[in-house]
Amino acid sequence: MIDTAAVGALADRVLGPEHKSLPPAAWGRTAGEFLATAPALADFPTPLLTLDRAALAHNTTVMGEWASRAGVRLAPHGKTTMAPQLWADQLAAGCWAITLATGWQVQLARAFGVRRIVLANSLLDPVALTWLAGELTRDPDFEFYCWVDDPAGVRLMDECLARAPEPVEVAVVVELGAPGGRTGVRSVAAAHRLADAVRRSCHLRLAGVGGYEAALAGDREPGSLTAVTRYLGDLARLHRELAEAGAYPGPAIVTAGGSAFQDLVVEHLAGLADEAGTRGAPTTVVLRSGAYLVHDDGFYAGISPLAPARSPYPLRPAMHGWARVLSAPEPGLVLLDGGKRDFPYDLGLPVPQGIAGARVSAFNDQHTFLRLPEGAAAPALGSILRLGLSHPCTAFDKWRLIPVVDDARAAAPVVVDLVHTFF
């Protein structure tokens, strides 16, 4: 499912000052050579983002077993990390595919030999479509799916693929959206018309239905859960109607699921899974959760069905920020050396860990404003604080190389790996 040799070769990349917060002792060495010195977390300058090996392994097991019990397949959204090393771990743990969001991301994944890819988006870029046609011709084992959500897009794809040197057929998934949502046709009736347009095309094959329920809600309040449930019911009905009409020429997928409402996706879609094809064309239900691997101490900690309050086997946060105390200019205020350039802030500010009652009140490019409870002593200048973070998607894109520690909760964590990202 992935070229392990290409992934392993990342250990041979030479490190240098272009890798943020890497100690000078690593410069000029390969990643493998530097790791052989067993560097301690204390050897790294701040600000720093780290991953936690124990938590990553835990989350992989929890999600894999949860999906297996539900009878669905996992195609984790690779855009969350853009890290082939982590994709390789996920595929080795049994994930069905890697999901991506842009044509360039698909090209990167193919450079690392990913064999089954779901592009959770329409692909209308002629440069990317031309490349895709060549890639499908070059490698018959490459399995690819992408979205369509408009008959005009179907025509654009068909016209572009018609210019390919060799005949090619692209598997497409009708994307069902909802009013107020993101992309996707806005009704089941419109989805049927779109499926008809796909069947009339010369270079596309109808391969399923899909969408993204989390575009409709950002919390688990009753109204939000109702909106998500209604949407998933429509998605299930669309698939049943297409299957009963014989609209699928071959195996089909039904795909949904971010990392916020995968419990509802399983409740309403898992029953469609019929990979043996006993009700006609085989159907595989594919869950595209991306944030589960890393989880967080913010948005997903509050909304995930696999949070401690909702599951006996919860996910654990596997990413942390580390920032140094730079200044304590007035009572109750401490300035840290990390900021927007280093840590995510779009779905919540970092959470200071180890100082009861402290909170982050503001973020600059390279400063964190830490507010202390009344009467609390400020941490010593130069000391390092661990920060819980929110939203993995906007944490990884700030770092080209991320150290992995054995256990972030240990008194003296050891760096056991270096994860390369590609953004």
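The questions and answers below concern two helices, the nonpolar cores and an aromatic pair in a predicted model.

In this predicted model, local features need pLDDT of at least 70 and side-chain atom pairs count only at pLDDT 80 or more, whereas totals for chains, interfaces and linings use all residues. Residues are numbered from 1 along each chain as its sequence is written, and side-chain values use heavy atoms, with hydrogens and water left out.

Me: Where around helix 6 do its buried residues lie?
Reply: In helix 6, a DSSP run of H or I with at least four residues, numbered from the N terminus, the buried residues (under 20% relative accessible area, 1.4 Å probe, protein chains only) are Ala128, Leu129, Leu132, Ala133, Glu135 and Leu136. Because the directions from the helix axis to their C-beta atoms cover an arc of only 165 degrees, they lie on the same side of helix 6.

Me: Which residues on the other side of helix 6 are exposed?
Reply: Exposed means over 50% relative accessible area, with partly exposed lying between that and the buried cut-off of 20%. On the side of helix 6 away from the buried residues, those that are exposed are Val127, Thr130 and Arg138.

Me: Which residue caps the N-terminal end of helix 6?
Reply: The cap involves a side-chain oxygen that lies 3.0 Å from the backbone nitrogen of Val127. The residue that supplies this oxygen is Asp125.

Me: What span does helix 9 reach from its first C-alpha to its last?
Reply: Helix 9 runs over residues 222-244 and has 23 residues. The expected span is 1.5 Å times one less than the number of residues, and for helix 9 this gives 33 Å, to which the span in the model is close, at 33 Å.

Me: How many residues does the second, separate core hold?
Reply: A nonpolar core is a set of buried Ala, Val, Leu, Ile, Met, Phe, Trp, Tyr and Cys residues joined through side-chain atoms within 4.5 Å. The largest has 129 residues, and Leu51 and Trp87 are among those that touch the most other members. The second core, which includes Ala75, Trp147, Ala171 and Ala207, holds twelve residues.

Me: Which geometry, stacked or edge-to-face, do Phe299 and Tyr300 adopt?
Reply: Rings of Phe, Tyr and Trp (its six-membered ring) pair if their centres lie within 6.5 Å, with planes under 30 degrees apart counted as stacked, over 60 as edge-to-face and the rest as tilted. The centres of Phe299 and Tyr300 are 5.0 Å apart and their planes stand at 80 degrees, so the pair is edge-to-face.

Technical notes:
Helices (H or I, at least four residues) and strands (E, at least two) are DSSP runs, numbered from the N terminus. A polar contact is a pair of N or O atoms within 3.5 Å; within protein, one must be able to donate a hydrogen and the other to accept it, and residues adjacent in sequence count only if both atoms are side-chain atoms.
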